[in-house]
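Could you walk me through this structure in the viewer, one selection at a time? I would like to know what to click on next and what is there.

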Amino acid sequence: QVQLVESGGGLVQPGGSLRLSCATSGRVFRDYDMGWYRQAPGNERVLVATVTSFGSTNYLDIVKGRFTISRDSAKNTIYLQMNGLKPEDTAVYYCNARRLMRGTLYNNWGQGTQVTVSS
């Protein structure tokens with residue numbers, strides 16, 4: 001069973017920063033590609049940033065240059081550093097871990113953490 005434990009959401013003013021964390025087991029951290037998605041009210045869940053098990057990263061265009069995803073192998077944790085936050089970044093952010101194995105996609109989600117950007 002894959003467990004993803006998120007933390008770090010909250011309320012921040014426009015232009016501020018937050019860092020989200022997602023902790024998991026060593027097996028998942030080693031073998032799964034991981035990332036962050038977000039879902040605003042009335043909208044679909046969308047990819048924000050991903051990092052593969054090899055360390056390659058990918059970002060949603062509108063967060064490039066503001067958000068940074070990273071991995072800490074000593075803590076089996078990924079982070080999403082969010083700078084220059086805008087009201088439109090307000091959403092529930094979900095940690096994701098996925099792996100394609102023998103033709104089956106294993107896709108796992110954290111419980112979500114609320115990020116609110118407002119003055």
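Two strands count as paired here if DSSP finds at least two bridges between them. With that in mind, and remembering that this is a predicted model, let's start with a sheet.

**Stop 1: the open sheet.** Select β1, β3, β8 and β7: in that order they form an open sheet of four strands with antiparallel pairing. Which strands sit at the edges? They are β1 (5-7) and β7, and each of them pairs on one side only. From one strand to the next, the twist averages 15 degrees. Now keep just β7 and β8 on display; these antiparallel strands are joined by six bridges. In this region you can pick out aspartate 72, which stands opposite threonine 77 in β8.

**Stop 2: the strands around β9.** Next, select β9 and add its partners. With β4 it pairs in the antiparallel sense over seven bridges, and here glutamine 39 stands opposite valine 92 in β9. With β11, β9 pairs in the antiparallel sense over three bridges; look for alanine 91 opposite valine 115 in β11. Then add strand β10 (residues 104-109), which runs antiparallel to β9 and is joined to it by six bridges. Arginine 99 stands opposite tyrosine 106 in β10. At the turn of the β9 and β10 hairpin, two residues lie between the strands, and arginine 102 takes a positive phi near 50 degrees.

**Stop 3: the aromatic cluster.** Show the side chains of Tyr37, Tyr94 and Trp109, which form one aromatic cluster. How many aromatic pairs are there? The count comes to two. In one of them, the rings of tyrosine 37 and tryptophan 109 have centres 5.0 Å apart and planes at 80 degrees, so the pair is edge-to-face. Because tyrosine 37 lies in strand β4 and tryptophan 109 in strand β10, this pair ties together parts that are 72 residues apart in sequence. Is tyrosine 37 buried or exposed? Tyrosine 37 is buried, at a relative accessible area of 11%, whereas tryptophan 109 is partly exposed at 34%. Tyrosine 94 and tryptophan 109 also form an edge-to-face pair, with 6.4 Å centre to centre and 85 degrees between the planes. Here tyrosine 94 comes from strand β9 and tryptophan 109 from strand β10, so the parts tied together are 15 residues apart in sequence. Tyrosine 94 is buried, with a relative accessible area of 14%.

**Stop 4: the nonpolar core.** Now turn to the largest nonpolar core, which has 28 residues. To find your way in, select Trp36, Ile78, Leu80, Met82 and Tyr93, the residues with the most contacts inside it. Elements giving two or more residues to this core include α1 (26-31), β5 (46-51) and β8 (77-82). Which element gives the most? That is β9, with four residues. Then expand around leucine 80: among the residues it touches are Leu18, Leu20, Trp36, Val48, Phe67, Ile69 and Tyr93.

**Stop 5: arginine 66.** Finish in the loop between β6 (57-59) and β7 (67-72), where you will find arginine 66. Why does arginine 66 count as buried? Its relative accessibility is 13%, and buried means under 20%. Its side chain makes a polar contact of 2.7 Å with the side chain of aspartate 89. Colour its other neighbours too: arginine 66 touches residues including Gln81, Met82, Asn83, Gly84, Leu85 and Lys86.

Notes: Residues are numbered from 1 along each chain as its sequence is written. This is a predicted model: local features need pLDDT of at least 70, side-chain atom pairs count only at pLDDT 80 or more; totals for chains, interfaces and linings use all residues. Side-chain values use heavy atoms; hydrogens and water are left out. Buried means under 20% relative accessible area, exposed over 50%, partly exposed in between (1.4 Å probe, protein chains only). A polar contact is a pair of N or O atoms within 3.5 Å; within protein, one must be able to donate a hydrogen and the other to accept it, and residues adjacent in sequence count only if both atoms are side-chain atoms. Contact means heavy atoms within 4.5 Å. A nonpolar core is a set of buried Ala, Val, Leu, Ile, Met, Phe, Trp, Tyr and Cys residues joined through side-chain atoms within 4.5 Å. Axes are lines fitted to C-alpha atoms, for helices over the stretch in contact, and angles run from 0 to 180 degrees between N-to-C directions. Rings of Phe, Tyr and Trp (its six-membered ring) pair if their centres lie within 6.5 Å; planes under 30 degrees apart count as stacked, over 60 as edge-to-face and the rest as tilted. Lists of a residue's contacts leave out its neighbours within four places in sequence.
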